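User: I'd like to go through this one label by label. For each term, tell me which value it rests on and where the cut-off sits.

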Amino acid sequence: MDQIVKASGPLRGEIQVPGDKSISHRAVLFGAISEGNTEASQFLMSADCLSTISCFEKMGIPISVDREHDTVTVHGKGLHGLKAPEEVLDSGNSGTTTRLLAGILAGQSFSSILDGDDSLRSRPMKRIIQPLTAMGASVQSLNQGSVPLRIEGGNLHGIHYESPVASAQVKSCVLLAGLYAEGETTVSEPALSRNHSELMLSGFGAEVSSRRGEKPGSFEASIKPGPRLRGQKVLVPGDISSAAYFIAAALITPGSEILIRQVGINPTRAGILKAVSAMGGDISILNQTSQGGECSADLLVRSSSLHGTTIEGELIPALIDELPVIAVLAAYAEGETIIRDAQELRVKESDRIAVTEKVLSAMGADIQGTEDGFLIHGGKALHGARVSSHQDHRIAMSLAVAAQNAEGEVIIEDGDAVRISYPDFFRDLEKLRR
Ligand code: S3P
């Protein structure tokens, strides 16, 4: 479905963005293998998280979904309570569902098949096949290293896995399999990726520890097998990846001032705040609180004149999903922005380097995709265009932000891709534009 967005006057008012996608997924994944109930409030009711719910329902886990109150209750059956699914487990568009669930399936004594949509069928799964195989599972790709995957689990042993990529999905997959393995399992990664699994698993009673690794910048996390996990109450903070679009829209629209309530600002996720402040953006962090190790705050954002910056290295995993909208900010900023070390963008829901370059160039931006990032010369006026989201939710929302200050109309093809992480995105944007 096409979505049309035009420039608007200043953004004003308050908003609460929906719950964090990564944390919502994990509440279901960990709740299902815990004993007793896990009640997740401010749960993100989006297509991706519903895919995770439906996979566990197929394995006999009762899950009550209260859409009116954004609450999900998972009636967990413990580490060994899953039933063999009678059908294929469909992860839809969700890499998190696939990779984390694969870690759990590797520990089961039944066989299962995990599949997903066309985008998921082109995403790399060798990064989890390799460590799970080294732990003793049989994980077979029926599609050249991608889904569908046939997983025959059981009899795992702990390993020390050195992940070549800083990926929370890989790390979490291996740690979850480690719950079922003999001996301790350790994953090291070249830079710290989001640590929601470590925090939440330890809240559920798992023995998880983490520390800096030996190589500069590296981190490692370990898990011991077997303790009984216990269901918990989880209050899901607002998703900073969703807040990012309103942050960016307010920064580039003169006269704007908005308050975004209760946004998760876990340092492994909040890289956009650092990047924006390096670009001269005015954001105040107010009313900080913390629950289950996850901190949140209200963000007060005022329009600002931005300048270019360099974004690289260890900061990249903490803002990986925000890079398309940061590229939009860079197009509106004065001077040059360099983004590097972000080759992971090429294997997200779309090739976000190629797609971001294509759609922003079509709107008149001076942006060049590189092997691992972008070179952007900001300050050129953007104009309307017909551009495709490439069925990537983050591209659809980034385009809406780019349209915010462009001359003329931006027609976003497949704008409804926002259902993956933020079904009411366009409605909420409209509220702030009024
Ligand atoms: C996620 C981890 C990141 C991120 C994705 C969600 C998670 O992927 O891009 O949107 O919930 O663990 P990688 O782990 O592949 O970097």
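**Labels and what backs them**

User: What makes Asn-155 count as exposed?

Analyst: Its relative accessibility is 77%. Buried means under 20% relative accessible area, exposed over 50% and partly exposed in between (1.4 Å probe, protein chains only), so at 77% Asn-155 counts as exposed. Before we go on: this is a predicted model, where local features need pLDDT of at least 70 and side-chain atom pairs count only at pLDDT 80 or more, while totals for chains, interfaces and linings use all residues. Residues are numbered from 1 along each chain as its sequence is written, and side-chain values use heavy atoms, with hydrogens and water left out.

User: Where does Asn-155 sit, and what is noted about its phi?

Analyst: Asn-155 is in the loop between β9 and β10 (156-157). Helices and strands here are DSSP runs numbered from the N terminus (helices H or I, at least four residues; strands E, at least two). Phi of Asn-155 is positive, about 45°, although the residue isn't a glycine. His-390 is another such case, with phi near 55°, in the loop between β24 and α11.

User: Why is His-390 called partly exposed?

Analyst: Because its relative accessible area is 31%, and that falls in the in-between class.

User: How do you know that the bond before Pro-148 is cis?

Analyst: From omega: the Val-147 to Pro-148 peptide bond has a value near 5°. Pro-148 lies in strand β9 (residues 146-152).

User: Why is Thr-38 called buried, and what does it touch?

Analyst: Thr-38 has 1% relative accessibility, so it counts as buried. It's part of strand β3 (residues 35-41). Ignoring residues up to four places away in sequence, its contacts (heavy atoms within 4.5 Å) include Val-72, Thr-73, Val-74, Phe-204 and Gln-232.

User: What makes the Thr-38 to Gln-232 approach a polar contact?

Analyst: The side chain of Thr-38 reaches the backbone nitrogen of Gln-232 at 3.3 Å. A polar contact is a pair of N or O atoms within 3.5 Å; within protein, one must be able to donate a hydrogen and the other to accept it, and residues adjacent in sequence count only if both atoms are side-chain atoms. With 3.3 Å, the pair makes the cut.

User: Why does Thr-268 get the buried label too, and what are its partners?

Analyst: Thr-268 comes in at 7% relative accessibility, so it counts as buried, even though its place is a loop, between β17 (257-264) and α8 (271-278). Its side chain reaches the backbone nitrogen of Asn-195 at 3.2 Å, and a 2.7 Å polar contact joins it to the side chain of Asn-266. Leaving aside neighbours within four places, Thr-268 also has Leu-192, Pro-317 and Ala-318 among its contacts.

User: Why are β1 and β24 called edge strands?

Analyst: The open sheet has three strands in the order β1-β25-β24, with mixed pairing. β1 (3-5) and β24 (383-388) each have a single partner strand, so one side of each is left without a neighbour in the sheet. Strands pair if DSSP finds at least two bridges between them; β24 and β25 (residues 407-413) have five, in the parallel sense. One of the bridges links Val-387 with Ile-412 in β25.

User: What makes Asp-351 a cap for α10?

Analyst: A side-chain oxygen of Asp-351 lies 3.1 Å from the backbone nitrogen of Ile-353, at the N-terminal end of the helix. Within α10 (residues 352-362), the buried residues include Ile-353, Val-355, Thr-356 and Val-359. Their cover includes α9 (323-332), β24 and α11. After α10 comes Gly-364, with a positive phi near 100°.

User: How do you know that the whole chain is as compact as a globular protein of its length?

Analyst: The chain has twelve helices and 25 strands. Its radius of gyration, taken over C-alpha atoms, is set against the globule rule, 2.2 Å times the number of residues to the power 0.38. The chain has 21 Å, close to the 22 Å the rule gives for 434 residues, so the label holds. On top of that, 60% of the 434 residues count as buried.
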